[in-house]
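Me: I am new to this structure and would like a close look at a single part, taken slowly and with each term explained. Please begin with what is needed to follow the description.

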Amino acid sequence: MVHQTTHFFNLGYGWLCKHCSSETAERKQQHRHNHASKPQPPPLARWVDQSHSGLICPRCGIQENFYSPLNTLT
Ligand SMILES: [Zn+2]
């Protein structure tokens with residue numbers, strides 16, 4: 001069971017980009033005195049295709065392929 005990869009980690013209900021997650025945490029510290037606006041969590045990563053061979057972050061656009069079934073024989 002994979003819980004994290006190079007660029008993404010598993011929240012249990014979806015995958016989140018590590019880079020955007022860390023940016024959100026930094027923003028939260030900088031605006032901790034602002035009670036009016038709640039920090040928005042970064043959007044969950046999307047699968048690049050229906051075979052779930054990779055993930056892409058809709059926010060920063062980073063992409064990572066987990067495996068390539070067609071290339072396992074090479
Ligand atoms: Zn991202």
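Reply: Helices (H or I, at least four residues) and strands (E, at least two) are DSSP runs, numbered from the N terminus. This is a predicted model, in which local features need pLDDT of at least 70 and side-chain atom pairs count only at pLDDT 80 or more, while totals for chains, interfaces and linings use all residues. Residues are numbered from 1 along each chain as its sequence is written.

I62 is the part to look at closely, and its place is the loop between strand 4 (54–56) and strand 5 (63–65). I62 counts as partly exposed because 16 other C-beta atoms lie within 10 Å; a residue is buried if that number is 20 or more, exposed if it is 12 or fewer, and partly exposed in between, with C-beta atoms placed from the backbone. Once neighbours within four places in sequence are left aside, I62 is in contact with H7, C17, H19 and C57, where contact means that the C-beta atoms of two residues, placed from the backbone, lie within 7 Å. The C-alpha atoms of I62 and A45 are separated by 9.4 Å, and these residues are 17 residues apart along the chain.

For the surroundings, H52 lies in the loop between strand 3 (46–47) and strand 4, and H52 is exposed because it has 10 C-beta neighbours inside 10 Å. Although H52 is not a glycine, its phi is positive, at about 55 degrees. Most residues other than glycine have a negative phi.

E23, by contrast in setting, belongs to helix 1 (residues 18–30), and the C-alpha atoms of E23 and P42, 19 residues apart along the chain, are separated by 8.9 Å.
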